Each structure stands twice: as structure tokens, then as C-alpha cells.
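Trainee: I should like to go through the charged pairs and the packing of this protein chain, one point at a time. May we begin with the structure itself?

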Amino acid sequence: MHDAKQIDLSAQVERVKRKTRPWKSIIALLLAIAAAVISHRASHGRSTFVHLSDQANQFVGYGTAALFLVSGSTATYGLAGKARELLEPKAGPAHAAIVRYAILIIGAFTTLVITLVLFGVDVSQLVLGGALTTVFVSIAAQQALSNVFAGLVLVFARPFRVGDAIRLRAGALGGTIDGIVTDIGITYVRFNADGSMMSVPNSQVLNAVVGPIPPESDEEEPPVVADGKSGTPGGPEQPQPSPAGPT
């Protein structure tokens, strides 16, 4: 009985933490914005509330820049986790993880660049290098990225769901594919086609014609019987010409 109460108490504490987690992230984000504004004003010799000396302004600028780094990192991590929790029931764990990683990467890069700016570091070369690296990586991973974005479109557009029996028709697929959807992954959609598992890239699935498998007709057409004495199959008997006799 005591163990059951302890487990129930732990579950309640976890639910309370989940409810308060987004508020912590929002507060951290607001604190980061305020710290960035104060640090920027202090670094330019403009005090926010009271008149301070140059040395005090420098100290305030560096301190609030460090506070921005901590608060921005906390807000990025918390918001990325919350986005994953919201998207996972609808988009699945794979695509929710992609969104989480994207928020983490963008948030971490933005936080780092703003922190360096607040500390007075020239980041023009860093930004240029990051932009060039992004372009090269995008070109090298063009096919993989197209499958990832196509997977996101499939998840949000929902032309089919896991467990649906569908037919894909496209020239790139060599005709038609009939199967049951077993998984919608980051780069591939997996089908169970007559007991064999098939993985089709998301970009090809997005470009294919998707529809339900048409039901097979149970009624068989009766066989056509051809009458050897008639001109048409199954038609009435036609008179046959008599052989020519002596004249």
C-alpha cells in the first residue's frame, strides 16, 4: 500500500513538472531578451536605470551577456522538448525528434552568435562560414533533405495513415504498388506488400498517385462458348451452304 501511494505521488509530481516546464522556458526566454537589451545598452555606455561609470557599465554588460547565454540555452532546450511532446502524438517520434533537433540547432547557433556580439566579438566571419557550410551541406545532402521534407509533408497532410491499405502509382516506381502502410519514417515509407516489406523514399511517395486498393470482383464472367456452326460465339445456328451437284 505504501509503495502504491509513493508511485502515485511520483506520477503527480511528474505531471506537475510537465505543466510547469513550458512556463520555465517562457520565463527563461523573457529573461534572455531582457538580459540582451541591458547588455547592449551597457556596452554602449547607456545605463538602463541609474547612471554608472564606464567600468560599471562594462561589468554589467559582461554579466548580462553571460546571463543571456544561460537563459537562452535553457529556453532553447525547454522549448525544443515541449515541441517534441506536442508533435509526437500526431507526427510520430521520428518526425518529432527532427523538429526538436532543428530547434536545438537553430536556437544554439542564434544564442552563440548573439552572445559573441554582446561580448564585442566580430562574428561576420563566423556567420559567413556558417552560411557557406550550410549551403555545401545542403547540396551534398539534397536527396536526403528532400526525403525529410517530403516526410514532414506526408505527416501533416496525412494522405494515408499507418495501417491503411493503399495503392501507389508512379512512373518512378515502375507501375503500381499495393500494400499496407506499416511505418512513416524520416526518409522512407514502409509497406507490407503480400508479406514482403518494401521501403519507398518519401519523395517518390509524395509524387505518386495515392488511393485505396480497389476491391476485387467476386463474380466471375461466364465462359464464352463458341458454336462451330454459327458465325458468332453462342449465336443461333446459321444455314450451311449445300455442296454443288452435277448440272
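Trainee: How many salt bridges does a search of the whole structure find?

Mentor: The model is a predicted one. Side chains of opposite charge can pair when their charged atoms come close. The cut-off for a salt bridge is a side-chain nitrogen of Lys or Arg within 4 Å of a carboxyl oxygen of Asp or Glu. On that basis, a search of the whole structure gives a total of 3.

Trainee: Which residue forms a salt bridge with lysine 82?

Mentor: The partner also lies in helix α2, which spans residues 54–91, and is 3 residues apart from lysine 82, about one turn of the helix. The closest N and O atoms of the pair are 3.8 Å apart. Lysine 82 has a relative accessible area of 24%, and its partner has 32%. The residue is glutamate 85.

Trainee: Which strands hold aspartate 178 and arginine 167?

Mentor: The side chains of aspartate 178 and arginine 167 form a salt bridge, at 2.7 Å from N to O. The two residues are 11 positions apart, and the pair links distant parts of the chain. Aspartate 178 belongs to strand β2, and arginine 167 to strand β1.

Trainee: Is aspartate 183, which pairs with arginine 190, buried or partly exposed?

Mentor: The side chains of aspartate 183 and arginine 190 meet in a salt bridge at 3.4 Å, N to O. Buried would require a relative accessible area under 20%, and exposed one over 50%. Aspartate 183 has 32% relative accessibility, so the residue counts as partly exposed.

Trainee: Which elements each supply at least two residues of the largest nonpolar core?

Mentor: The largest nonpolar core has 15 residues, and those with the most contacts inside it include Phe160, Leu168, Val181 and Phe191. One helix and three strands are involved. They are α5 (142–157), β1 (165–170), β2 (175–184) and β3 (188–193).

Trainee: Which residues does leucine 173 touch, not counting those up to four places away in sequence?

Mentor: Leucine 173 is one of the residues with the most contacts inside the largest nonpolar core. With near sequence neighbours up to four places away left out, leucine 173 touches Leu168, Val200, Gln204 and Ala208.

Trainee: What share of the residues of the protein chain counts as buried?

Mentor: The chain contains 6 helices and 5 strands. Its accessible surface comes to about 17200 Å², of which 64% belongs to carbon and sulfur atoms. Of its 247 residues, the share that counts as buried is 24%.

Definitions and conventions. Residues numbered from 1 in each chain as written. Predicted model: local features only at pLDDT ≥ 70, side-chain atom pairs only at ≥ 80, totals over all residues. Heavy atoms only, no water. Helix = DSSP H or I, 4+ residues; strand = E, 2+ residues; numbered from the N terminus. Buried < 20%, exposed > 50% of the residue type's maximum accessible area, 1.4 Å probe, protein only. Areas by Shrake-Rupley, 256 points an atom, 1.4 Å probe, with all protein chains shown as cover. Core = buried A, V, L, I, M, F, W, Y, C linked by side-chain atoms within 4.5 Å. Contact = heavy atoms within 4.5 Å.
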